[in-house]
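Reader: I'd love a close look at one part of this structure, strand by strand. Could you walk me through how its pieces pair up?

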Amino acid sequence: MFSVYSGPILELRDVSYRYPGHRLIVDKLGFSIGNGEFIGLLGANGSGKSTILKLAAGMLYPAAGDIRLWDKPLPAYRNKDRAKLLCYFPQHLDVNAPFTVREIVGMGLYPYDIPPQMTVDEAVEMVGLGEKAGAYVTNLSGGERRRVFIAMTLIQGAGILLLDEPLANLDIKYQIEFLRLLRGLQEKKGISVIMALHDINVALQFEKVMLIKEGSILGIGSPETVLTGEMIKQAFDVAVEIRKSDRGGTHITHERWF
Amino acid sequence: MRTVRFGIFIIAAAMILALALFAGPRMINPFHLSGTEREILFAIRLPRVVVAMLMGMALGASGAILQGVLRNPLADPYILGISSGASLAAALGLMSGFYFFGSLSVPVAAFIGATLVSLLVGAFGWKRGGLWPERLLLAGIGLNFLFSAVLMLLMSVSSDEGLRRAVLWMFGDLSMADWTLIPPASAFVVVGLGIAFARSKALNALILGDEFAHSLGFAVQRERLFMFAAMALMTSASVSLGGTIGFIGLLMPHIVRFLLGADSRVLIPASAVAGGAFLCLADLIGRSLMPPMELPSGTVTAVIGAPYFLYLLRRKDVLSV
């Protein structure tokens, strides 16, 4: 007999981190993500969003506390095994090597000895770059490049995606498409996502939001409870109002910007 | 398309190799070898071509590795100070009467110098448990200036004839090539190429950036160390074979990327083949242009290489890592 594990698939327990010679960037932070959960990680510039994702990805080692992946300490995984479960998508993409789209997407298969089911061409097709599969990434626009790496992430097939501002530089069409693509993968394959954001309006679309200030959690839960005017004032130091639109969405409003 | 280009590329390299063996001030017909010609072929031409091939392979592959590891299209093995360090070691060795290895003293001193400099650059580039590209590059440039200055100083205060010969030799001279150094040097080159080729997927991932490399399941710092070690082994072997021949490490990876793309699994072996062929060609030109005088191969590679490099520079999107 075997038992089905139903606890959190990724858990941070009292994790602290400081860059050498600096103040604490992350201070006794604890949270967990369950199978199939989507969490929007929201906070001002420098609040520690990227650091939290890098800690969760095993790229940085916490000064205190521990991180568990599928109830096993993260450092106990072999690199390749971790890569099949957990994928990190950095904020800055600066690739100036003349790799083709297909070559970069194919790198998503590096952790595997036997390739998983999705083919490179399918992944390229999914991000709408089918016609540019043979093109050099150096000749693509910023948004197209981002989609190339999104395709690489898809083919890597990890169940947990840690995405650091993946919507930056994307046209609104592709922002929506990308979020829908993730939603589809959640329904089909049960993937879990932690996505760093700084656009409050995007965070309002998530079922669960974690609001960060100076490396600590200000609030975690549904957007209705976490993204109140008062909390946003605390996190971003700006006065906004949350409005429900007639069409079912929510959005923030602010007095004329300038 | 790329397969066809790869085929043409290999055939061109093989033709250059054959040309280097049989052409020259004295043409040799491989199908009608006289006794003297056999002697020339096996005692002079063949070791010389093998040395050129090994050196070029080491430098071409090292350049491909270093441009990837440092994520910098201007990197070549000599920018890290390995050449000036090796020259300095050879010069110092001769001045202090380091004739322990007889005629091999200069190559051995150069090899020791190149290896020591690689370690030194690595030590300066090391921080918080890993090698950092910017630190490596800056440390290398700093050390390069330092060693060149000390070498200059030595040359201007010393009247030692041996020193002068050593320095000239360091500029890249294949005329003394024989079989003695080939076995150990080829062992180093084979080991270096083997490491680099075996880890070429990791190099691809490193070119995308440390974060992607980590996410794809590579131990970033360990992979970088492997690559650096492979580069140091090959460059040291090359320097000890025939001095410091410029431009191959910088140029070959760019030409190969232009023709065959950036995938390190192709780039590393193809840069090695291109480097070997290019140095054989440069050496052939150097010894055939105005016999019996020989032009140093390093000069020829620069005279051919620099204009082609500038031509590539004019083409969009070619000069990238």
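Author: Happy to. In this predicted model, chain A has an open sheet of four strands, arranged in the order β2-β1-β4-β5 with antiparallel pairing. The edges are taken by β2 (24–33) and β5 (72–73) of chain A, each of which pairs on one side only.

Let's go through the pairs, starting from the β2 edge. Strand β1 of chain A, residues 10–18, runs antiparallel to β2(A), and six bridges link the two. If you would like a residue to click on, take Arg18(A): its bridge partner in β2(A) is Leu24(A). These two strands form a hairpin with five residues between them, and there Gly21(A) adopts a positive phi near 80°.

Next comes the pairing of β1(A) with β4(A), which is antiparallel over five bridges. Here Leu10(A) faces Leu69(A), which lies in β4(A). Leu69(A) is worth keeping selected, since Lys72(A) in β5(A) is its bridge partner. That takes us to the other edge: β4(A), covering residues 64–69, pairs with β5(A) in the antiparallel sense over two bridges.

As a general reminder, the strands of a sheet pair through backbone hydrogen bonds, in either a parallel or an antiparallel way. Chain A also lets you look at the parallel kind, in another sheet. This one is open too, with six strands in the order β6-β7-β8-β3-β9-β10 and mixed pairing. At its edges stand β6 (86–89) and β10 (216–221) of chain A; each has a single partner strand, so one side of each is left without a neighbour in the sheet. On average, neighbouring strands of this six-stranded sheet are turned by 15° against each other, ignoring direction.

For the parallel pairing, find β3 (residues 38–43) and β9 (residues 208–213) of chain A, which are joined by five bridges. Within that pair, Ile39(A) sits opposite Lys208(A) of β9(A).

If you then turn to chain B, there is a helix pair to compare with your view. Helix α2 (residues 35–69) and helix α12 (residues 264–288) of chain B have axes that come within 6 Å and cross at roughly 140°. That angle makes α2(B) oblique to α12(B). The crossing of α2(B) and α12(B) is right-handed, and their contact includes 17 nonpolar, eight polar and two charged residues.

Definitions and conventions
Residues are numbered from 1 along each chain as its sequence is written. Chains are lettered from A and ligands numbered from 1 in the order in which they are written. This is a predicted model: local features need pLDDT of at least 70, side-chain atom pairs count only at pLDDT 80 or more; totals for chains, interfaces and linings use all residues. Two strands pair if DSSP finds at least two bridges between them. Axes are lines fitted to C-alpha atoms, for helices over the stretch in contact, and angles run from 0 to 180 degrees between N-to-C directions. Angles under 35 degrees count as roughly parallel, over 145 as roughly antiparallel, 65 to 115 as roughly perpendicular and the rest as oblique. A crossing is left-handed if the near helix is turned anticlockwise from the far one by less than a right angle, and right-handed if clockwise. Ala, Val, Leu, Ile, Met, Phe, Trp, Tyr, Cys and Pro count as nonpolar, Asp, Glu, Lys and Arg as charged, and the others, Gly among them, as polar.
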